[in-house]
Amino acid sequence: MFGGYQFRWDILWAAREDFALAALRTIALSLVASLGAGLLGLALAYAARGRLLSRVVTVWVDLARATPLLVLVFVVYLVLPEFGIARGLDADVTFVLALSGIAGGYVCEDFRAAFASLPLGLRDAADALGLRIWQREALVMLPAAFRRALPALTVTAIGITKDSSIASIIAVHELTYAARELSTNHFRVFEGWLTAGVLYLVLTGSIGLAGRALEYRLALPAGAPTR
Amino acid sequence: VSEVLATLWRARFVLLEGLRVTCVVSAGGLALGLAIGCAGAVAAGFGPRWLRLAVAGWVTLLRGVPVLVTLFFLYYGVAALGQPMSAVMAAALALAFFAGAQLTEVGRGALASVPRGIAEAGRALGMTTRTLILAVLAPLAIRRALPSTANVAVQLVKASTLASALGAGELLLSSQQVAARTLLIPQVYVLVWAVYVAVNLVLAGIGRWLERRWRHARA
């Protein structure tokens, strides 16, 4: 399969610190972008209830689905400063902003579908208990919606982690960047990419497992009145 | 303003050539991906156990790793084996592998959504597995799978921008060149953003149309 290619794992071993730091950078980027996307998506999902704001949300979601991340990265990097916004940002910050902006659209849809699937009586029941609006949303609606949105949110989080690889193109030293450096500077092609591939699989696989575990933990006992 | 438009107009051939490469990469990736996806879906649905496991592993691998990593792995890996490949070729292949994995899942789900009784009826008529799939199951499953295929096409157009990192002259790279040459940086990037959004909205619209058109056909 690798006919004639001499593996030199010692060169990868010598670069292990770089790789470990790069993997941490990937995890950090993914975590921050997931957090940003989560907050933005939730805000958009609530904004979608307003009559006028719902138009804005629809446009945002459609744009998020149709925009290549790399193009948005350049727009945030090069276009926004022309209008006096986001001037002089680091590559990391630029990237996280762009990724959160796009993934936020997906999270919004995840939450909107979950809210829409809640039984109508749940809200009435919360109102009937005399809860204030914020109590109703924070203590009743949101937890119930989160439980239903969880499988979709897990998929979105996996997508965010994979998309974080695109940061390498604007020279953020994350995992893909480290593997590319190894293959262009040291010509150690397979060592670097196999390692990066395995690490990505471990990352995305762990997110999937964690999501599944959380779903299991949050699942209502069989026969509970509100699914 | 008219000066800006005139400058952009002079760059139209560079940008159109970029759009052409974007279309070639995306369409090539989709065509090959469809072939892989059909084969994978049939193998996952009707193959022997070892083949089903192999397909599942292949799909997990390609869906768990970023497309950019697949792309770099192909480009640098094939070159390291002594036969360099053009960036456009590597991009089309990487997109095809990704689309193949996505479409295998789509096709598997579509085949599984055909009611069991239909396959049993075909068997009762004495159809071979081959006839059953080609004449009965595939026509039903394809209707189910087409809307998701449009989604995959959108993903491919978006992922085709990654080829710019290897110097493939697709739309994003050619607009970077135009932006650098004309110094109309914000204008060019907003224009190229609009082009990508327009292309993808059309593809997504086709998907929605297909979904509406064949909703009644859902078994």
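**View 1. A:Arg65, a partly exposed residue.** At 37% relative accessibility, A:Arg65 counts as partly exposed, because that class runs between the under 20% of buried and the over 50% of exposed. The model shown is predicted. A:Arg65 sits in helix α3 of chain A, which covers residues 51-66. A:Arg65 also belongs to a positive surface patch. The other members of this patch are B:Arg208, B:Arg212 and B:Arg215.

**View 2. Chain A as a whole.** Chain A has 9 helices and 0 strands. Its pattern along the sequence reads α-α-α-α-α-α-α-α-α. The C-alpha trace of chain A spans about 70 × 50 × 25 Å along its principal axes. Chain A has 227 residues, and 43% of them count as buried.

**View 3. An aromatic pair between the chains.** Over all chains, the structure holds 9 aromatic pairs. One of them joins A:Phe190 and B:Phe73. The two rings meet edge-to-face. Their centres are 5.7 Å apart, with 75° between the planes. This pair crosses between chains. A:Phe190 lies in helix α9 of chain A (residues 189-218), and B:Phe73 lies in helix α4 of chain B (residues 67-80). Is each ring-bearing residue buried or partly exposed? A:Phe190 has 4% relative accessibility, so this residue counts as buried. B:Phe73 has a relative accessible area of 27%, so this residue is partly exposed.

**View 4. An aromatic pair within chain B.** B:Trp58 and B:Phe97 form an edge-to-face aromatic pair. The distance is 5.6 Å centre to centre, and the planes stand at 80°. Which parts of the chain does the pair link? B:Trp58 is in helix α3 of chain B (residues 49-64). B:Phe97 is in helix α5 of chain B (residues 87-113). The two residues are 39 residues apart, and the pair links distant parts of the chain. B:Trp58 is partly exposed, at a relative accessible area of 37%. B:Phe97 is partly exposed too, at 23%.

**View 5. An aromatic cluster with members from chains A and B.** Which residues form one aromatic cluster here? Chain A gives A:Trp193. Chain B gives B:Phe72, B:Tyr75 and B:Tyr76.

Key:
Residues are numbered from 1 along each chain as its sequence is written. Chains are lettered from A and ligands numbered from 1 in the order in which they are written. This is a predicted model: local features need pLDDT of at least 70, side-chain atom pairs count only at pLDDT 80 or more; totals for chains, interfaces and linings use all residues. Side-chain values use heavy atoms; hydrogens and water are left out. Patches are made of residues with over 30% relative accessible area and no salt bridge: like charges are joined within 9 Å, nonpolar side chains (Val, Leu, Ile, Met, Phe, Trp, Tyr) within 5 Å. Accessible areas come from the Shrake-Rupley method with a 1.4 Å probe; for residues, only the protein chains shown count as cover. A salt bridge is a side-chain nitrogen of Lys or Arg within 4 Å of a carboxyl oxygen of Asp or Glu. Lys and Arg count as positive and Asp and Glu as negative; His and the chain ends are not counted. The place of a charge is taken as NZ of Lys, CZ of Arg, CG of Asp or CD of Glu. Helices (H or I, at least four residues) and strands (E, at least two) are DSSP runs, numbered from the N terminus. Buried means under 20% relative accessible area, exposed over 50%, partly exposed in between (1.4 Å probe, protein chains only). Rings of Phe, Tyr and Trp (its six-membered ring) pair if their centres lie within 6.5 Å; planes under 30 degrees apart count as stacked, over 60 as edge-to-face and the rest as tilted.
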